[in-house]
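Here are my notes on this one, written so you can follow along with the model open. Take the points in order and find each residue as you go.

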Amino acid sequence: MITLYDCASAPSPRRARIFLAEKGVAHETVQVDLRNSEQLSSAYQNINPQCTVPALRTEEGTVLTDNAAITAYLEARYTEPPLLGTTPHEKAEIASWNWRIEFEGLLAVAEALRNSAPAMANRALPGQVDYPQIPELARRGLARVQQFFVMLDERLAERDFIATDRFSVADITAVVALDFARVVRIKPGEQHPHLQRWRAAMAQRPSMSV
């Protein structure tokens, strides 16, 4: 059976959990305790040398160590429902929006958090190598998150989904980015009516509670 190496409190593995839930794929879960740096242990490095979560061990025994690989594998192995698009145009739109949300949303929140949280001193980037915090990047990250909310609100005017006319991985990534922003005390307000409507609709999907 597929095994997901997870951390219930972290945003990146949540993306994989939601994707698996939307596909209805049965899997085992192994929790990795990031708070106690279990991802840096020799035991976990033997599984994923990058020292990050999520990681997914396929039924064939291959370990995939990032969301891009995990989603590509699951989409190819479990084709229904399609979450990466079906036509060339859909695939391109979803890929483009998913990357934009990662860069302008998830990475902006991470930039703000990892460069300011005392618990992440010298851990400004995930992985094996320790990097010092840069306070200026924390401030820039906060500004980027605010702009990310404006961009998404404008995109969602008169739309039910972010990338195309159906639910996709771009919506998964956006939900996770939006919820992750709470850690830096930013959330949608009355100035983001379309974003609030969309998030309320996403909350009705059972996958969002995993």
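1. Start with phenylalanine 103, which you'll find in helix α4. Keep in mind that this is a predicted model. Is phenylalanine 103 buried, exposed or partly exposed? Its relative accessibility is 42%, so it counts as partly exposed, because that label covers values between the 20% and 50% cut-offs.

2. Phenylalanine 103 has company on the surface: together with Trp99 and Leu107 it makes a nonpolar patch. The patch comes to about 330 Å².

3. Now look at asparagine 98, also a residue of helix α4, which spans residues 88–114. Asparagine 98 has a relative accessible area of 13%, so it is buried; the cut-off for that word is under 20%. Which residues does asparagine 98 touch, once those up to four places away in sequence are set aside? They are Arg15, Val169, Ala170 and Thr173.

4. Next comes arginine 114, again in helix α4. Arginine 114 is at 17% relative accessibility, so it counts as buried too. Leaving out residues up to four places away in sequence, arginine 114 touches Met120, Arg123, Ala124, Leu125, Pro126 and Gln133. Take proline 126 from that list: arginine 114 and proline 126 are 12 residues apart in sequence, and their C-alpha atoms are 9.0 Å apart in space.

5. On to the sheet. How many strands does the open sheet have, and in what order? There are 4, running β2-β1-β3-β4, and the pairing is mixed. Why are β2 and β4 left with one side lacking a neighbour in the sheet? Strands β2 (28–31) and β4 (63–64) stand at the edges, and each has a single partner strand, so one side of each has no neighbour there.

6. If pairing is new to you, here's the background: strands of a sheet pair through backbone hydrogen bonds, in either a parallel or an antiparallel sense. In this model, β1 (residues 3–6) pairs with β2 in the parallel sense, over 4 bridges. For one example to click on, threonine 3 has glutamate 28 in β2 as its bridge partner.

7. Finally, check the helices that lie across the sheet strands. Helix α1 (residues 11–23) lies across β1 and β3 (55–57), and runs at about 150° to β1. Helix α3 (residues 67–77) lies across β3 and β4, with an angle of about 35° to β3. Try turning the view until you can see β3 with both helices: α1 lies across it, and so does α3.

Conventions
Residues numbered from 1 in each chain as written. Predicted model: local features only at pLDDT ≥ 70, side-chain atom pairs only at ≥ 80, totals over all residues. Heavy atoms only, no water. Helix = DSSP H or I, 4+ residues; strand = E, 2+ residues; numbered from the N terminus. Buried < 20%, exposed > 50% of the residue type's maximum accessible area, 1.4 Å probe, protein only. Contact = heavy atoms within 4.5 Å. Patch = residues over 30% accessible without salt bridge, like charges linked within 9 Å, V, L, I, M, F, W, Y side chains within 5 Å. Areas by Shrake-Rupley, 256 points an atom, 1.4 Å probe, with all protein chains shown as cover. Salt bridge = Lys/Arg side-chain N within 4 Å of Asp/Glu carboxyl O. Pairing = 2+ DSSP bridges. Axes fitted to C-alpha atoms, helices over the stretch in contact; angles between N-to-C directions.
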